[in-house]
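Student: Can we go through this model together? I'd like to start with the basics and then pick a few details.

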Amino acid sequence: MVQKISHGDTENAEILNKNLRVSVTPWLTRILFWILPLSFLVVLFFFPLSKILALTFNLQTLTLGNLQSAFHVLLFTFYQAVLSTVLTLLLGLPSAYLFARFDFRGKSLLRALTAVPFMLPTVVVAAGFNALLGPRGLIHALFPLSSFNFIGTLTAILIAHVFYNTTIIIRVVGNALSSLDPKFESAARSLGADSIRVWWNVVLPLLRPSLLASSMLVFLFDFTSFGVILLLGGSKFSTLEVEIYLRVLKLPNLSLAALLSVIQLLCTLVFSIFYTRLVSRSTTQLAPRSTLVKPKGLKQKLFVAVLAFLLSSFFLAPLSALPFRSLFRLEADRGQRGEVQYGFTTDYYSELFINRRGSVFYVPPIQATLNSLGYAGATVILSLILGFPAAFALAKPTHLEKVLDPLIMLPLGSSAVMLGLGFIITYGKWLTLPFLVPFAHTLVALPFVIRTLQPAIASIPERLRQAASSLGASPLEVWKNIDLPILRRATLAAATFAFTISLGEFGATLLISRPEYPTIPIAIERFLSQPGGLNYGQAMAMATLLMLLTLISILLIEKFRLPNSGEF
Amino acid sequence: MKRILLLSILLLAACSPQATATPQATELPSVEPQTITVMTHDSFAVSEDAVKAFEDANNARVVFLQSGDAGAVLNKAILTKDAPLADVLFGVDNTFLSRALEADIFEVYASPALQDIPANFKLDDSNRAVPVDYGDVCINYDKAYFADKNLPVPQSLEDLTKPEYKGLLVVENPATSSTGLAFLLATVAHYGDSFTDYWQALKDNGVVVVDGWETAYFTNFSASSGRGPQPMVVSYASSPSAEVTPSGESLTASILGADTCFRQIEFVGILKGTQNRTLAEKFIDFMLGKQFQEGMPLLMYVYPVNPQAVLPEAFIQYAQAPEQPASLSPDIIAEKRDAWIQAWTDVVLK
């Protein structure tokens with residue numbers, strides 16, 4: 001009797017406790033989850049952006065003519081972004097499958113290689129494409145009769161976008177794919193479905209969240225594309241972001257720039273809301289298990305060989321022009337011009353270390369590398385600290401998250417130039433503090449980190465967690481043994497994104513830069529802004545160093561194992 | 001959470017690179033050095049020795065802020081007029097001068113050093129913007145190309161529309177490039193309102209348009225390391241001094257015919273609201289002084305406005321100055337710039 005009563009009491013207490021947890025704890029946790037990421041976004045994004053828009057937006061620019069021309073630009077922006085995203089998926093999906101399912105020689109190197117373009121300045125990538133496909137490029141030299149024009153075409157824009165963004169699909173979708181239980185596929189296959197139907201009916205639906213997340217990121221990157229359009233598309237093409245840049249810096253009309261920025265932001269918001277709707281209807285719970293196999297049979301071997309060859313040539317061909325140009329001078333003395341003379345030289349590298357003209361703005365390569373690495377490291381830490389809680393909250397959305405979810409993507413859809421102006425009028429003199437640079441980089445990296453972590457967190461099987469806690473595991477133990485192994489891959493992918501975004505970011509356009517803290521991209525830009533073969537060679541040498549640095553860093557990040565995770 | 005925050009702040013502090021040793025005066029000065037902040041564009045350069053000399057002489061510390069190209073810097077200065085980010089702004093050129101003066105961002109300072117400067121550089125009678133350097137935007141050509149083809153080098157704007165030069169010239173889009181804008185202004189100065197007809201003829205003759213100087217010079221121009229397809233590029237009269245081969249000859253030269261070049265003059269001014277007026281004045285005098293002026297050619301590929309400054313050998317030998325560069329008054333440029341660019345776009349890009 002006594003026992004029974006006391007038992008009932010505990011039961012009641014437990015029920016009460018549970019009710020309390022349901023009603024109080026979620027709110028508290030939600031607030032805790034959001035307080036850091038939201039205040040970060042408010043302080044560094046919403047506040048400065050609304051301030052500059054309030055200052056420059058003018059209802060008088062809302063004329064029919066302005067809206068019409070804005071609409072035309074919007075149409076092209078949307079058109080090229082859709083095309084680019086589709087093409088990126090076409091290359092990205094098989095590649096994601098390749099990396100997620102097969103083990104083959106040189107795999108980690110190849111995967112790291114696909115991430116390199118992500119952080120290369122557009123000027124350098126354009127130089128690479130030119131060396132390959134330009135009017136005097138390699139292809140032209142091999143097939144002298146071909147008279148195709150690459151630079152200045154829509155094709156150039158699309159290929160460059162695929163070149164830059166395939167890594168997003170590979171990492172985000174590949175992540176989900178490697179946590180996807182192959183039992184589903186074999187079951188479908190044993191029921192008589194052929195591979196195409198297995199993909200269409202089984203695998204793709206299961207991959208939906210990560211597929212949508214990565215496509216959305218790629219689409220937004222293409223939608224706000226700027227450097228690629230200017231440098232490879234030439235003057236004939238214009239996106240909203242290019243128009244905003246022109247209206248801010250070249251043909252100053254700030255109220256028109258504000259109007260275009262608002263249009264671009266609204267579009268991003270609409271896309272994000274649409275995305276949130278789509279993704280909320282699908283959560284796949286995954287079972288972590290090893291899915292890596294060596295290719296077996298002719299079909300698989302052929303698939304791996306052909307795709308690996310395709311990928312390595314697609315990424316290596318334009319990139320290899322940089323180390324080549326950094327080691328061979330193409331200058332010829334007068335009169336030798338018929339044949340281009342190649343001369344091997346290491347001058348471009350040794351010159352990097354000499355401040356020949358005694359300039360205050362000389363960039364020592366080691367200093368620039370250390371600065372770049374320091375900023376990138378800080379960006380990784382900062383964006384993970386801010387991204388994790390937000391991704392956790394978004395993975396199990398309440399009404400609050402349904403509202404907040406689309407807002408997360410807005411930094412990707414806002415014009416960098418306008419935001420830069422917003423920073424300047426809002427934070428003025430503080431902008432010269434060098435540790436603000438990682439904060440600016442985090443602003444760009446955060447949507448990536450969140451969108452990489454969120455599908456992974458959502459895929460953690462709830463029943464496993466419940467089973468573990470009912471067996472008496474503490475929340476920490478549950479987290480360590482259930483969540484962490486699944487999160488490991490996603491965390492590494494997120495860290496890689498944050499790292500490469502930071503390495504490649506100029507920051508100079510967004511903020512005011514102090515020449516004492518140059519990064520590698522700033523150094524490249526410095527060399528390229530002056531005439532002469534030596535400057536060009538040094539720019540290529542710097543770019544080669546940046547490439548190597550990225551390759552090594554990505555390989556190291558991917559080798560890095562979180563404790564207690566082991567291979568599944 | 002707090003601990004994580006603290007940790008992250010510590011890590012951030014550890015990760016953010018340490019300041020490279022700023023040159024301090026060797027003997028301990030009795031007064032703390034005053035800091036002067038100079039806002040400028042990304043192409044600005046100065047030698048360590050010159051900065052050190054200024055710092056030592058004035059017990060000062062110079063901080064440079066670079067924020068994009070000349071247009072970006074001016075925009076930022078105008079936007080922050082009420083709470084200026086710096087004491088001195090360098091890098092407003094004659095195509096932007098009227099905007100800076102209209103926005104009234106500069107204080108008046110009639111530097112005593114101005115008396116040495118030739119009158120044709122002093123475009124601002126109110127002495128708010130002080131000229132520092134100049135350079136000429138000219139067409140560079142690939143000497144070997146013309147020698148090999150036995151083709152005479154074009155001498156005038158008219159020559160460029162002749163069929164023998166079809167497809168041989170690359171220019172920058174004036175809407176995105178200040179170099180391109182300067183060349184457009186040269187044609188406006190020469191042809192007046194009918195400059196669009198000239199551009200139509202250039203377009204018919206296969207002129208190639210790219211976004212900016214870097215692409216034009218390093219990708220399209222045949223004499224640079226890019227080994228591009230066009231043997232003529234809109235660049236600077238000083239660029240040939242950077243293309244000298246070991247045998248001592250430049251691969252390029254400039255076309256210096258009447259009105260084929262456009263003169264850019266760069267100005268410096270004291271920003272309104274400075275707390276360091278005295279030091280700012282000293283800095284402007286310093287920029288007009290011999291040491292700074294003589295360092296500019298090799299650091300920035302521009303000419304000093306101070307006639308007493310001695311030019312370096314490479315400049316005298318390879319960088320030629322046009323005798324009759326085109327010019328337009330800053331007021332007309334400010335008034336018509338947008339309309340000209342629009343007209344150009346309609347003719348050339350549409």
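Tutor: We will take the domains of one chain, then a helix pair in another.

Tutor: This is a predicted model, so local features need pLDDT of at least 70 and side-chain atom pairs count only at pLDDT 80 or more, while totals for chains, interfaces and linings use all residues. Residues are numbered from 1 along each chain as its sequence is written, and chains are lettered from A and ligands numbered from 1 in the order in which they are written.

Student: How is chain B divided?

Tutor: Into domain 1 (31-134 + 264-317) and domain 2 (136-263 + 323-348), with bounds from an automatic or database domain assignment. Their C-alpha centres lie 28 Å apart.

Student: And how many residues are in contact?

Tutor: In chain B, 15 residues of domain 1 are in contact with 16 residues of domain 2; contact means C-beta atoms, placed from the backbone, within 7 Å.

Student: Which element gives the most on the domain 1 side?

Tutor: α4(B), with three residues. Helices (H or I, at least four residues) and strands (E, at least two) are DSSP runs, numbered from the N terminus.

Student: Switching to chain A: at what angle do α20 and α21 cross?

Tutor: The axes of α20 (residues 462-470) and α21 (residues 475-504) of chain A cross at roughly 150 degrees and come within 10 Å. Axes are lines fitted to C-alpha atoms, for helices over the stretch in contact, and angles run from 0 to 180 degrees between N-to-C directions.

Student: Which residues make the contact?

Tutor: L464(A), R465(A), A468(A) and S469(A) of α20(A) meet V478(A), N481(A) and I482(A) of α21(A).

Key. Two residues are in contact if their C-beta atoms, placed from the backbone, lie within 7 Å.
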